Structures are given as structure tokens and as C-alpha cells.
Amino acid sequence: MQDQHTYCVIMAGGIGSRFWPMSRTAHPKQFLDFLGSGRTLIQQTFDRFTAICPPENIYVVTNALYADLVRKQLPALNDGQVLLEPDRRNTAPCIAYANHVIAKRDPAALVITAPSDHLVKDEKEFHARLRLALRQAAAQDCLVTLGIKPDRPDTGYGYIRFSNHGPAESSGVKRVEAFTEKPDHATAQRFLESGQYLWNSGIFIWSLASIRNAFTNFLPDMEALFAKGEASYGTPAEQAFIDSIYGQCQNISIDYGILEKAANVFTVPSDFGWSDLGTWGSLYNHLEKDPRGNTGTGNTVRVHGGSNNMIHAADGRLMVLQGLDDFIVVSTDDVLLVCRKHDEQQIKGMVQELAADTGDQYI
């Protein structure tokens, strides 16, 4: 059931460089259909939230480069629902921007903030956890995150340590004691065994009043910048104002800027078949495989004597692999990537080095 006072902010400005060479600056991963479902990741995200709030209450914050892509893929949005960032300044500024736009419409709003490129397999359970978080956010001045119950010692995620004592009025909600950035394997194993840690999904729920109060307390200069444009939000003057101040915003995530400092943070432990689809390896875990653990695209891939490979032939060319085990192999019309799966975290660095050497030709 939709709630007219519930809003959703979909963050869609990233490049997705760890999915290179499929994800490029001009057409990043949120606008691609990696799962072969017929819907891109951002379209699936939009569809998922229409069960919680009306489509007119959904906003997408994205880089100005992707304005046309967003409008083409999400035609239900009007221009006022597509908020364009002139620069990439991480998640705190984009959330502050959306806060002020929504405040102009509905100061009593509850707001869900979520990335545009995540996988959710059990949408019924996802909606149930989200509604529990919304009830908590409506009940008191707090910031809520959906925490994912870990099933392996993954070093690619941030972790949340929670207390077993939650608010009395909300069973299933736990107080957050600390956030930990991506740990090494031994630390992740210890977190898993303790039962006191969750993965940080990056999906946040709060009242508009609570998150704006948090910005005032922890990122006051940023909040003051956006407050200067109160008269422009929802008018033709909005974009010019945003363009004029965005570069002055601190480049900082909402996690570093607010959540790790605030004392009123809660989490809802969740298990709804979640993945942030952050790497080729995470995509591999969700695709059908042959008896030797290889997954590939279409009839143009042939594997002989190899196992557990993630293969993606985007250009449809014939690809024949022999003797490879645990590799990522991705072919596009101008790039071939061959990388060991356990080294996939290096892809982002490879892209940065490539940009330094060749400019944006392959980026």
C-alpha cells in the first residue's frame, strides 16, 4: 500500500567502474540490463519502490550527463523529479539536494534513499523490512538503515555492528553501535562468527526533519549552501542555483559525513536476497551456470576444459576459451578484459591507470 507522505530518492550518478568495460562513463551500469530480465537496474529499482510510494513521489538524483538516459528509461518521471548534479561530489550532497526539493513539497515527508543498481530477489520481504524501518523513522527522531544478514566473510562490503537491545516500541529494529569500512578477510570472518554484524546495504530511511537536523549538526556548511536556494526549488531557477553551488560542496559520503557520527542510528536486520552488484564476481553469483560453473552470454561463448569463469560477450562475437579457471572475461566492441576473479577489486585501479594513459577513449 502506498503512502502519500513517503518519498523515495534513487541515487543514480555513479560510473560503476568495477564493471568496466561494460559500464562506461557515457553509459554506466545502472542503465544496463545485466541480468537479462528485460529491465535495466534503474528500471527495476523504480518498479520496486512504486509498491511503497506513488510514482510522483520518486526522485532520481543523477549526473547531468545522464539526464536523457534517465528520462528515456523512466518516462513516468517529470522533469522536476530528475535532479541533475553538475559534478560528482559523493552521496551527502545529492541527499542534501533532494531533501530541499522534497521539503518544498512536503515538510512532513518520510524519505527512503537508495542506490539505483542493487539486486533484490525477495521483494515481498524487502517491502516488509522497509515498512518496519518507515514505522521506526516516523516514531522518533532517528536515522535507519537496512542491514543485510551476512552469509560469508565478504571483504567488499562495509559492516554495521548492532546492539541486541532495540527500541521497545519496534521489535526487529536494532541500535547501531558502529560502522566499519571494508575489512580484511580475517576481520570479516570474525564479524560473521560473532553474529553481531550486518552488511551495510546503503539503503536509508528517515523523516525529512531528522535528516535535515543531522545535516545541520554534522555538515552545517553543506546544509547552509543548499538553504540559500530555498526560493528556487521547484522553479526554472533551480538548476542554475544548483550549478552555482554544487562545486563548493564537500566531497563526502553520507556514511562518513553523518551516519558514523550520529548517535540516533538504527538498523533493521534483513534477508531479502540482496546484492549490490558491485563487481563482476557478485554478478556471477546470480547467473545460471553450466555443470563446470561457467556462466556466459548467448550462443557465441564456448568453454573447453575450464571452470568457474564469468564470461560476458557484449558484442556477440564468437569467444572460445580453453583451460581457464576462475577468470572474468569480458568482450565489447573495443575492449577485451581478462582478469582473475579474485583480483577483480583491481579493475577500478586499472581503469584509473588507463584514463591517465589514454584519456577517456576507453573509459
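What radius of gyration would a compact globule of 363 residues have, and what does the protein chain have? The globule would come out near 21 Å, and the protein chain has 21 Å, so the two agree. Keep in mind as you look around that this is a predicted model.

**The whole chain**

Start with everything selected and shown as a cartoon. You should be able to pick out eleven helices and 16 strands. Aligned along the principal axes, the C-alpha atoms fill a box of roughly 60 × 50 × 40 Å.

Now switch on the surface. The protein chain exposes about 15,700 Å², with carbon and sulfur atoms supplying 49% of that area. As for what sits underneath, 54% of the 363 residues count as buried. Contacts tell you about the fold too: among those between residues at least 6 apart in sequence, 67% join residues at least 24 apart.

**First stop: the largest pocket**

Select G14, R18, N90, T91 and K348 and centre the view on them. Of the 48 residues that line the largest pocket, these lie nearest its centre. The volume here is about 1,600 Å³.

Next, colour the elements that each supply at least two lining residues: helix 3 (91-105), strand 8 (174-180), strand 9 (197-207), helix 9 (254-259) and helix 11 (347-358). If you colour the lining by class instead, expect 16 nonpolar, 20 polar and twelve charged residues.

**Second stop: the second largest pocket**

Move on to D154, T279, G281, S282 and E344. They lie nearest the centre of the second largest pocket, which is lined by 19 residues and holds about 450 Å³ of space. Its lining has three nonpolar, nine polar and seven charged residues.

**Last stop: the cavity**

How many cavities of 30 Å³ or more does a search of the whole structure find? There is one, with a volume of about 50 Å³. To see its walls, hide the surface and show T45, R48, F49, A114, P115, H118, V120, F126 and I203 as sticks.

Which element gives the largest share of this lining? That is helix 1, with three residues. Helix 1 spans 41-49, and strand 4 (110-115) likewise supplies at least two residues of the lining. Coloured by class, the walls of the cavity show six nonpolar residues, two polar and one charged.

Terms used: Residues are numbered from 1 along each chain as its sequence is written. This is a predicted model: local features need pLDDT of at least 70, side-chain atom pairs count only at pLDDT 80 or more; totals for chains, interfaces and linings use all residues. Side-chain values use heavy atoms; hydrogens and water are left out. On a 1 Å grid over the protein atoms alone, a cavity is a set of points where a 1.4 Å probe fits but cannot get out, and a pocket is an open set with protein on both sides within 12 Å along at least five of seven lines; lining residues have an atom within 4 Å of a point. Grid points are joined across faces, edges and corners, and a volume is the space filled by probe spheres set on the points. Helices (H or I, at least four residues) and strands (E, at least two) are DSSP runs, numbered from the N terminus. Ala, Val, Leu, Ile, Met, Phe, Trp, Tyr, Cys and Pro count as nonpolar, Asp, Glu, Lys and Arg as charged, and the others, Gly among them, as polar. The radius of gyration is taken over C-alpha atoms; the globule rule is 2.2 Å times the number of residues to the power 0.38. Buried means under 20% relative accessible area, exposed over 50%, partly exposed in between (1.4 Å probe, protein chains only). Contact means heavy atoms within 4.5 Å. Accessible areas come from the Shrake-Rupley method with a 1.4 Å probe; for residues, only the protein chains shown count as cover.
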